[in-house]
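Here are some exercises to work through with the model open beside you. Try each task before you read its solution.

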Amino acid sequence: MTLSSVVRFERLTGLLAEWYPVWSVEPFQCLQPPWASFRPQIIGDLRSDAAALARWLPIQQLKELIDLPRIAAVAAPPPERLGHRVGGRKWRQILAFAPRVHLASGQSVVEWCAGKGHLARTLAHSHGTPVTGLESDARLCREGQVLAEHQGVSLHLREQDVLAPDVLRWLHPAIHVVALHACGDLHLRLLDLATQTGCAISLAPCCYHRTVHERYQPLSQTGRELAVRHALVLTRQDLALAVQETVTAPFHTQRQRRRAKAWRLGFDLLQRELRGVDAYLPVPRLRYGDLPAEYQGFCRWAAAEKRLALPAGIDWRTGERAGWARLEEVERLEQVRHLFRRPLEVWLALDRARLLDEAGMRVDLGSFCDRAVTPRNLLLRASRE
């Protein structure tokens, strides 16, 4: 890891810690963010001139610190025929990821959390080498094995819980482990074993918040020292911000998403009044296709879920309008919070990279595709010198 990467890590730590009271608050859950009282100028600009936010927020500094290089491809893209029965978005990600997996002479490949082995099949074809896929779901193993045999590639899917102790039997210094969007503790396990066994890895991490730990403990010694120095303490809920960016959805999906948010916010105002408690009350998620046809129906469903009695005579039309008005306010406030989304993600990736560097591995960190293909586009490559 170069000095510039360490400096990047330190500066990001300082900015995330300094602005933590601003970016850690979820506007969806509070009528007025606590920081509004000591940062009123930000609220004012959000409502009048969002372009002026750079006067108060470290926008340029953050932009420079998250500017990571694009990792170059080392192989040609795989043929399109291998994408048969692979979802379009997933296949575009594989097309970008697979050519950036660099195998040293004599290395064998293992895919971590392989699913049906779509990436593993692609690598087996591209490199002309047998690939082993580790997957805990026996059904996915069976279905993936059928696809591999149909395409004539040498893939062996094995039923294996990667969190179990016996996963070590698959790892040694001559193994290169690949993982495209391994979530939370699943990729943390891989990182830990890579430092123990010396296997090479090509990892695109994902879902940092999917962990058993309530508080984030930096993985690297450098990260722990920086967190103490800057008094940066992250909760599991904080980590969820790192993966909240999504690719642009179809118009009808965007419309359904905003309507669901507006209705939830309208119900939130209603439940505060009914309970006499000025606090957010979480309501279970509904698939957009299962939303009731009207706002009133949604509120009745939500009230039943939370065992709240609804009085007669509720002005549903006014309540729905209030929900839409609050959604506009929430979306303005989220502009501030989401300025720190990518910086937090890069900070977490730097902590992972630094862990591997401290274990004596050669490390590359950058992006493997445009964020339009997937916002989770960071690639971490590491191998022994």
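Before you start, a contact here means heavy atoms within 4.5 Å. You're looking at a predicted model, where local features need pLDDT of at least 70, side-chain atom pairs count only at pLDDT 80 or more, and totals for chains, interfaces and linings use all residues. Residues are numbered from 1 along each chain as its sequence is written, and side-chain values use heavy atoms, with hydrogens and water left out.

**Exercise 1. Find what L356 touches, then place L356 in its core.**

Step 1: Skip residues up to four places away in sequence, and L356 touches L191, A194, T195, I201, M361, V363, L380 and A382.

Step 2: Now bring in the core, a set of buried Ala, Val, Leu, Ile, Met, Phe, Trp, Tyr and Cys residues joined through side-chain atoms within 4.5 Å. Buried means under 20% relative accessible area, exposed over 50%, and partly exposed in between (1.4 Å probe, protein chains only).

Step 3: The largest nonpolar core has 67 residues, and L356 is among those touching the most other members, together with W112, V177, I201 and W347. Helix α14 (residues 341-358) gives this core its largest share, nine residues. Helices (H or I, at least four residues) and strands (E, at least two) are DSSP runs, numbered from the N terminus.

Step 4: Another core, of 29 residues, lies apart from it and includes V101, A120, F368 and C369.

**Exercise 2. Work out which strands pair with β7, and in what sense.**

Step 1: Two strands pair if DSSP finds at least two bridges between them.

Step 2: β5 (residues 200-206) pairs with β7 in the antiparallel sense over three bridges; there, S202 sits opposite R381 of β7.

Step 3: β6 (residues 361-367) also runs antiparallel to β7, over seven bridges, with S367 bridging to L378.

Step 4: Strand β7 (residues 378-384) has six of its seven residues buried, so the rest of the structure largely encloses it.

**Exercise 3. Decide how many disulfides the structure holds.**

Step 1: Look for cysteine sulfur atoms within 2.5 Å of each other, the cut-off for a disulfide. The count is zero.

Step 2: C206 is in no disulfide, and its nearest cysteine sulfur, in C207, is 3.5 Å away.

Step 3: For C369, the closest cysteine sulfur is that of C206, 12 Å away, which is too far for a bond. C369 counts as buried at 3% relative accessibility, and C206 does too at 11%.

**Exercise 4. Describe the setting of E320 in α13.**

Step 1: E320 belongs to helix α13 (residues 316-337) and is partly exposed, at 26% relative accessibility.

Step 2: Outside its neighbours up to four places away in sequence, E320 touches W263 and Y295. The side chains of E320 and W263 make a polar contact at 3.0 Å. That term means a pair of N or O atoms within 3.5 Å; within protein, one must be able to donate a hydrogen and the other to accept it, and residues adjacent in sequence count only if both atoms are side-chain atoms.

Step 3: Check the helix length, taking the expected span as 1.5 Å times one less than its number of residues. The 22 residues of α13 should span 32 Å, and its end C-alpha atoms are 31 Å apart, which agrees.
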